[in-house]
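Hi everyone, thanks for coming. Today I'd like to walk you through a protein that is new to most of you, so let's put it on the screen.

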Amino acid sequence: FKKNDTVALAFSYIGYENQTKQIFCKNDTTLFIKLKEVNEIEQVVIYSTNQVNDNLNTGSHTIRIEQLKYLPSLGGEKDILKAIQMLPGIQSGNEGSNGLYIRGGNIDENLILLDGIPLYNINHIGGFVSIFNPDAINLAEIIKSGFPAKYGGRLSSVLNITMKDGNLNKFSNNFSLSPITSNFSLNGPIIKNKSSFIISVRA
């Protein structure tokens with residue numbers, strides 16, 4: 001700009017109010033500008049059409065018993081441990097075994113819980129099938145990394161299996177027969193909408 005011109009100078013900085021000053025260019029001039037701090041931030045609202053899982057954990061997988069019908073089974077026998085062996089980072093070891101080798105760990109480095117109770121032997125028929133009756137299981141959660149401190153004592157993983165609750169409203173039963181096993185389960189209310197029972201037998 002030229003001498004004796006009037007110019008507008010704008011001053012701005014993040015977190016401060018903008019200022020504009022008119023300057024008459026007559027002589028060399030030194031300016032001291034004091035900006036006013038702004039503490040107010042407009043509300044930010046984020047909208048999403050997708051369901052967000054607040055408990056997302058890349059080292060954790062949950063398998064519900066209903067999902068087993070979509071997985072291949074040996075002799076018609078659906079086994080929750082066979083389904084877990086198909087997850088990434090998990091190997092079964094010997095063919096036909098129910099062992100869980102997770103990311104190079106050994107079998108005894110896995111903590112296996114049934115409704116919070118530790119289990120130390122989970123195999124039947126030399127590992128051909130597991131002790132878990134699919135008719136009595138609700139879901140299984142396998143945590144391969146970053147498991148909480150309350151699950152201490154193991155190095156590789158935590159397998160937490162939760163059993164079903166009985167139906168509070170009506171009686172129901174289920175019977176299944178396969179070349180390997182036969183299963184029968186019965187559940188229903190003891191006091192309607194208050195307490196229930198479940199009986200599940202496998203032979």
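Let's start with the whole chain: the protein has 203 residues, and 29% of them count as buried. By buried I mean under 20% relative accessible area, while exposed is over 50% and partly exposed is in between, using a 1.4 Å probe and protein chains only.

Please keep in mind that this is a predicted model, in which local features need a pLDDT of at least 70, side-chain atom pairs count only at pLDDT 80 or more, and totals for chains, interfaces and linings use all residues. Residues are numbered from 1 along each chain as its sequence is written, and side-chain values use heavy atoms, with hydrogens and water left out.

How confident is the predictor? The pLDDT, which is the predictor's confidence in each residue from 0 to 100, averages 80 over the protein, and 86% of the residues score at least 70. Confidence is highest in strand 11, residues 157-163, with a mean of 90, and lowest in strand 8, residues 123-124, with a mean of 76. As a general caution, where pLDDT is low, the predicted coordinates should not be read in detail.

Now the fold. The protein has 14 strands and 1 helix. These are DSSP runs numbered from the N terminus, with helices being H or I runs of at least four residues and strands being E runs of at least two. Contact here means heavy atoms within 4.5 Å. Among contacts between residues at least 6 apart in sequence, 44% join residues at least 24 apart.

Let's go inside. A nonpolar core is a set of buried Ala, Val, Leu, Ile, Met, Phe, Trp, Tyr and Cys residues joined through side-chain atoms within 4.5 Å. Which residues have the most contacts inside the largest core? They are Ile80, Leu81, Ile84, Phe132 and Leu159, in a core of 19 residues. At least two residues of this core come from each of helix 1, strand 10 (137-143) and strand 11. Helix 1 gives the largest share, 4 residues. Another core lies apart from it, with 6 residues, including Leu113, Ile143, Tyr151 and Val158.

Next, my favourite stop on the tour, Asp79. You'll find Asp79 in the loop between strand 3 (60-64) and helix 1 (80-84). What is the nearest side chain of opposite charge to Asp79? It belongs to Arg202, 5.6 Å away, and Asp79 has no salt bridge although it is buried. For the charges, Lys and Arg count as positive and Asp and Glu as negative, while His and the chain ends are not counted. A salt bridge is a side-chain nitrogen of Lys or Arg within 4 Å of a carboxyl oxygen of Asp or Glu.

Asp79 does have polar company. Its side chain makes a polar contact of 2.8 Å with the side chain of Ser130. A polar contact is a pair of N or O atoms within 3.5 Å; within protein, one must be able to donate a hydrogen and the other to accept it, and residues adjacent in sequence count only if both atoms are side-chain atoms. A polar atom of the Asp79 side chain also lies 3.0 Å from the backbone nitrogen of Leu81. Setting aside residues up to four places away in sequence, Asp79 touches Leu68, Asn98, Val129 and Ser130. With that same setting aside, Leu81 touches Asn98, Leu100, Ile122, Ser130, Phe132 and Leu159.

On to some loops. Most residues other than glycine have a negative phi. Asp115 is not a glycine, yet its phi is positive, about 50°. Asp115 sits in the loop between strand 6 (110-114) and strand 7 (117-119). Is Asp115 partly exposed or buried? Asp115 counts as partly exposed because its relative accessibility is 45%. Gly116 is in the loop between strand 6 and strand 7, and Gly116 counts as exposed, at 52% relative accessibility.

Asn193 has a positive phi too, near 65°, and lies in the loop between strand 13 (182-191) and strand 14 (195-202). At 54% relative accessibility, Asn193 counts as exposed.

Last stop: Ile23, in strand 2, residues 19-24. Ile23 is buried because its relative accessible area is 15%. Ile23 and Val7 are 16 residues apart in sequence, and their C-alpha atoms are 5.3 Å apart in space.

Thanks for listening!
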